[in-house]
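Here's a quick tour for anyone meeting this protein for the first time. Have a look at it, and then we'll go through some of its charged pairs.

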Amino acid sequence: MAEPIVVGVDGSTPSLQAAGWAGQEAEIRGAPLRVVYATLRWPSYVPLVPQPASWGADVEATARAVLDQAIAHARAGRPRLAVSAEIVDGGAEEALVAAAGGAQLLVVGSRGRGGFAELLLGSVSRHLTARAPCPVAVVRQPGDGDRGEIAVGVTGHPDQEPVLDFAFREAALRHAGLRAVHAWTQPVATAPGEMQPLVYDVDGVGAEEARLLAESIAGRRENFPDVTLTERVVREHPAKALIDASAETDLVVIGAHTGMSAWLGLGATAHAVLHHARAPVIVVRH
């Protein structure tokens, strides 16, 4: 059986939208869906003080109602989708990281109440993208129709291979086109200490950036012959380029670094895209 997709829900509208999107994604991938509701047995976490052995009846009834709602959203139009649901003990951050073990994708809404209230305000999103053992999908809004195209941000750095591989596979699964977006604002130093000119040939630099994009995705056309690829090189901030692309595509795929740099935050581009994208965003660590 395929690895599951995990979606975290808390009863808020965005989390239920995320459940519906996760159900669609599970169907596309032929994967089971696992719906998770995270809650503490006590209203707040107290270090070194053990939690009670069970949830109260009211808490469990509320959780079950939320899970039933989420399952209904996930299965809407997909009655045969394999869905499981469970209440897990703990705060949203650690509980979702643990639940994502062995998953191929973790899905969360853009905001919510309780454990998910801070999702795009820093703490939970930063924690999940730094610690989740799989790519993380943030469903800011599910989009207003099937446009048949997804977008991926291309930096041109060699460590971005997992991001590009994921984007091509996703496009192939969806039978969708792939828009590879590479944005630049000025020439980039290619060696430590290299000085960049104050005046430069814009057309020449643009041509060099286009070559960089072509080299970054070279070879994948042969591996994914059915994916219609569009190369887009724009002279503007990468965040704006990807936010603009999100208004015209069904999904945006971006990368985030692992290791120590991940603990320092997502980076300005990823942070801006997660806040302002008009389509779901999948963050792939690399």
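## A salt bridge to start with

Which residue does Arg174 form a salt bridge with? It's Glu170, and the closest N and O atoms are 2.8 Å apart. Keep in mind that this is a predicted model.

Both partners sit in helix α5 (residues 161-174), and because they are 4 residues apart there, about one helical turn separates them. Arg174 and Glu170 are both buried.

## Two other pairs

Helix α2 (residues 57-75) holds a pair with the spacing of about one turn: Glu60 and Arg64, 4 residues apart. Their side chains meet in a salt bridge at 3.9 Å, N to O. Glu60 is partly exposed, at 33% relative accessibility, and Arg64 is partly exposed too, at 38%.

Then there's Glu231, whose salt bridge with Arg221 brings the closest N and O atoms to 2.6 Å. This pair links distant parts of the chain, with Glu231 in strand β8 (residues 229-234) and Arg221 in helix α7 (residues 220-223), 10 residues apart. Glu231 has 35% relative accessibility and Arg221 has 42%, so each counts as partly exposed.

Some salt bridges share partners: Glu25, Arg29, Glu170 and Arg174 are joined into one network that way.

## The whole protein

Stepping back, the protein has 10 helices and 10 strands, and the salt bridge count comes to 15. Of its 286 residues, 48% are buried. The accessible surface is about 13,800 Å², with 54% of that belonging to carbon and sulfur atoms.

Methods:
Residues numbered from 1 in each chain as written. Predicted model: local features only at pLDDT ≥ 70, side-chain atom pairs only at ≥ 80, totals over all residues. Heavy atoms only, no water. Helix = DSSP H or I, 4+ residues; strand = E, 2+ residues; numbered from the N terminus. Buried < 20%, exposed > 50% of the residue type's maximum accessible area, 1.4 Å probe, protein only. Areas by Shrake-Rupley, 256 points an atom, 1.4 Å probe, with all protein chains shown as cover. Salt bridge = Lys/Arg side-chain N within 4 Å of Asp/Glu carboxyl O.
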